[in-house]
Amino acid sequence: MSPYSEKSKKWREHNIATIEIWKKKFDELLNRRTQEWWNAERFEMEIGSVIEDSDLRDAWFFITAYVARSSPYSKSPLVKFFKDAINEIRDFGTMEPSRKNRLLKSVITTRKKING
């Protein structure tokens with residue numbers, strides 16, 4: 001399921017108020033970024049600290065670090081999925097529940113494989 005599937009679009013339509021609150025928070029972060037001269041890493045950390053859902057916040061920090069460690073030219077389906085999730089969280093501040101569960105399961109599995 002993609003972030004722009006019909007199911008995800010309908011879910012976002014029902015949760016428009018939450019997404020609008022996120023967009024305001026994100027705009028504030030963008031303004032602070034330019035005023036305080038944050039680098040990309042600091043900006044990612046600030047985005048993560050503003051995410052309200054603790055599971056999604058934890059996943060955010062893991063997937064941004066995972067993508068940063070991977071090759072910029074990686075064709076891995078996992079890296080592509082994580083990049084899509086990063087963009088979706090940046091855009092909407094949340095994810096459709098079934099897509100979020102898939103992301104959380106992928107994070108758990110990847111952590112297990114990394115840590116042994």
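1. Does I114 count as buried, exposed or partly exposed? I114 counts as partly exposed, because its relative accessibility is 45% and the partly exposed class lies between 20% and 50%. This applies to a predicted model, as does everything below. I114 lies in helix α6. Leaving aside residues up to four places away in sequence, I114 touches F62, Y66 and R69.

2. On the core: the largest nonpolar core has 24 residues. Those with the most contacts inside this core are I47, I63, F82, L103 and V107. Two or more residues each come from α2 (16-36), α3 (40-50), α4 (54-69), α5 (77-92) and α6 (97-115). The element that gives the most is α4, with seven residues. In soluble globular proteins, nonpolar side chains tend to be buried together.

3. V107 deserves its own point. It is listed with I47, I63, F82 and L103 as having the most contacts inside the largest nonpolar core. Not counting residues up to four places away in sequence, V107 touches A59, F62, I63 and F82.

4. Next, the packing of α4 and α5. Their axes are 10 Å apart and the packing angle is about 130°. That angle makes α4 oblique to α5. α4 passes α5 in a left-handed crossing. From α4 the contact takes L56, W60, F62, I63, T64, Y66 and V67, and from α5 it takes L78, V79, F82, K83, A85, I86, I89 and R90. By class, twelve of the contact residues are nonpolar, one is polar and two are charged.

5. For α4 and α6, the axes are also given as 10 Å apart, with a packing angle of about 55°. The two helices are therefore oblique to each other. Their crossing is left-handed. On the α4 side the contact is made by D55, L56, D58, A59, F62, I63, Y66 and R69. On the α6 side it is made by K100, L103, L104, V107, T110, R111 and I114. The residues of this contact divide into nine nonpolar, one polar and five charged. I114, the residue of the opening question, is thus part of the α6 side of this contact.

6. The remaining pair to describe here is α5 and α6. Their axes come within 11 Å and cross at roughly 130°. α5 and α6 are therefore oblique to each other. The crossing in which α5 passes α6 is left-handed. L78, F81, F82, D84, A85 and E88 of α5 meet R99, R102, L103, S106, V107 and T110 of α6. Six residues of this contact are nonpolar, two are polar and four are charged.

7. Some residues recur in these lists. F82 of α5 takes part in the contact with α4 and in the contact with α6. I63 of α4 is listed in the contact with α5 and in the contact with α6. L103 and V107 of α6 are listed in the contact with α4 and in the contact with α5.

8. One backbone detail should be checked by eye. Which residue has a positive phi although it is not a glycine? It is W37, with a phi of about 55°. W37 is found in the loop between α2 and α3. W37 counts as exposed because its relative accessibility is 76%, and exposed means over 50%.

How values were computed
Residues numbered from 1 in each chain as written. Predicted model: local features only at pLDDT ≥ 70, side-chain atom pairs only at ≥ 80, totals over all residues. Heavy atoms only, no water. Core = buried A, V, L, I, M, F, W, Y, C linked by side-chain atoms within 4.5 Å. Buried < 20%, exposed > 50% of the residue type's maximum accessible area, 1.4 Å probe, protein only. Helix = DSSP H or I, 4+ residues; strand = E, 2+ residues; numbered from the N terminus. Contact = heavy atoms within 4.5 Å. Axes fitted to C-alpha atoms, helices over the stretch in contact; angles between N-to-C directions. Parallel < 35°, antiparallel > 145°, perpendicular 65-115°, else oblique. Left-handed = near helix turned anticlockwise from the far one by under 90°. Nonpolar A, V, L, I, M, F, W, Y, C, P; charged D, E, K, R; others polar.
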